[in-house]
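Subject: A structure for you to explore

Hi there,

Here is the structure I promised to pass on, with its sequence. Have a look around first, and then read my notes below.

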Amino acid sequence: LVQLVSNAGQRDEALAAGTSGVVIDLGFAAIEPLETIRRIRARHPDLPVLGFLPHVETELRTEALAAGCTKAAPRSAFSKQMLEMLAELAGLTLQRD
């Protein structure tokens with residue numbers, strides 16, 4: 001199940017819908033990303049959470065990991081390695097031709 005969340009009001013609804021993992025833009029202030037991660041951890045401690053952010057935001061990365069983000073990657077790495085990162089969070093192995 002994939003759901004787009006564009007504001008803080010939609011986050012609880014999305015999580016209640018049986019989400020199997022979360023990908024979150026840590027720089028998207030409208031969804032209050034750190035609070036969203038804390039809420040996810042409180043309700044779903046084992047749910048994988050992958051955050052992405054500008055590479056210069058080292059403090060935000062540290063805060064996201066402390067809040068419970070499973071992995072926080074620079075946006076450039078996320079865009080290049082998205083399939084691998086998602087597979088890793090889901091516990092899958094990708095087979096490349």
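Before anything else, one term will help: two strands are said to pair if DSSP finds at least two bridges between them. With that in mind, find Asp25, which stands opposite Phe52 in β2. Please remember as you read that this is a predicted model.

**The overall layout**

The protein chain has 4 helices and 3 strands. Following the sequence from start to end, you will meet them in the pattern α-β-α-β-α-β-α. Of the 97 residues in the protein chain, 34% are buried. The chain exposes about 6200 Å², and carbon and sulfur atoms supply 54% of that area. If you take the contacts with a separation of 6 or more, 48% of them link residues 24 or more positions apart.

**The sheet**

Strands of a sheet pair through backbone hydrogen bonds, either parallel or antiparallel. Which kind of pairing does the open sheet of 3 strands have here? The pairing is parallel, and the strands come in the order β1-β2-β3. β1 (22-25) and β3 (71-74) stand at the edges with a single partner strand each, so one side of each has no neighbour in the sheet. From one strand to the next, the twist averages 25 degrees.

Now look at how β1 and β2 sit together. They pair in the parallel sense over 4 bridges. Besides Asp25 opposite Phe52, you can find Val23, whose bridge partner in β2 is Leu50.

In a regular strand the side chains alternate between the two faces of the sheet. β1 is a nice place to see this: Val22 and Ile24 point to one face and are buried, whereas Val23 and Asp25 point to the other and are not. How many of the residues of β2 are buried? The count is 5 of its 5 residues. Both faces of β2 are covered, with Val49, Gly51 and Leu53 buried on one side and Leu50 and Phe52 buried on the other.

**A pair of rings**

The model contains 1 aromatic pair. The rings of Phe52 and Phe78 have their centres 4.6 Å apart and their planes at 5 degrees; planes under 30 degrees apart count as stacked, so this pair is stacked. Phe52 belongs to strand β2 (residues 49-53) and Phe78 to helix α4 (residues 75-90), so the pair ties together parts that are 26 residues apart in sequence. Are these two residues buried or exposed? Phe52 has 14% relative accessibility and counts as buried, and Phe78, at 9%, counts as buried too. The reason is the cut-off, because buried means under 20% relative accessible area.

**Helix α2 and the loops on either side**

Just before α2, look for Glu32 in the loop between β1 and α2. Its phi is near 50 degrees, which is a positive value in a residue other than glycine. Glu32 counts as partly exposed, at 40% relative accessibility.

In α2 itself, the buried residues are Pro33, Leu34, Thr36, Ile37, Ile40 and Arg41. They cover an arc of only 160 degrees around the axis, so they lie on the same side of α2. Thr36, in helix α2, has 6% relative accessibility and counts as buried. Which residues does Thr36 touch, not counting those up to four places away in sequence? They are Arg11, Ile24 and Ile31. You have already met Ile24 as one of the buried residues of β1.

On the other side of the helix, Pro48 is found in the loop between α2 (33-43) and β2. Pro48 is buried, with a relative accessible area of 16%. Leaving aside neighbours within four places in sequence, Pro48 is in contact with Ser20, Gly21, Val22, Thr70 and Leu89. One of these contacts, Val22, also points to the buried face of β1. The C-alpha atoms of Pro48 and Gly91 are separated by 9.9 Å, and these two residues are 43 residues apart along the chain.

If you would like somewhere to begin, try Phe52: find Asp25 opposite it, and then look for its ring partner Phe78.

Happy exploring!

Methods:
Residues numbered from 1 in each chain as written. Predicted model: local features only at pLDDT ≥ 70, side-chain atom pairs only at ≥ 80, totals over all residues. Heavy atoms only, no water. Phe/Tyr/Trp six-rings, centres within 6.5 Å; stacked < 30°, edge-to-face > 60°. Helix = DSSP H or I, 4+ residues; strand = E, 2+ residues; numbered from the N terminus. Buried < 20%, exposed > 50% of the residue type's maximum accessible area, 1.4 Å probe, protein only. Axes fitted to C-alpha atoms, helices over the stretch in contact; angles between N-to-C directions. Contact = heavy atoms within 4.5 Å. Areas by Shrake-Rupley, 256 points an atom, 1.4 Å probe, with all protein chains shown as cover. Arc of directions from axis to C-beta.
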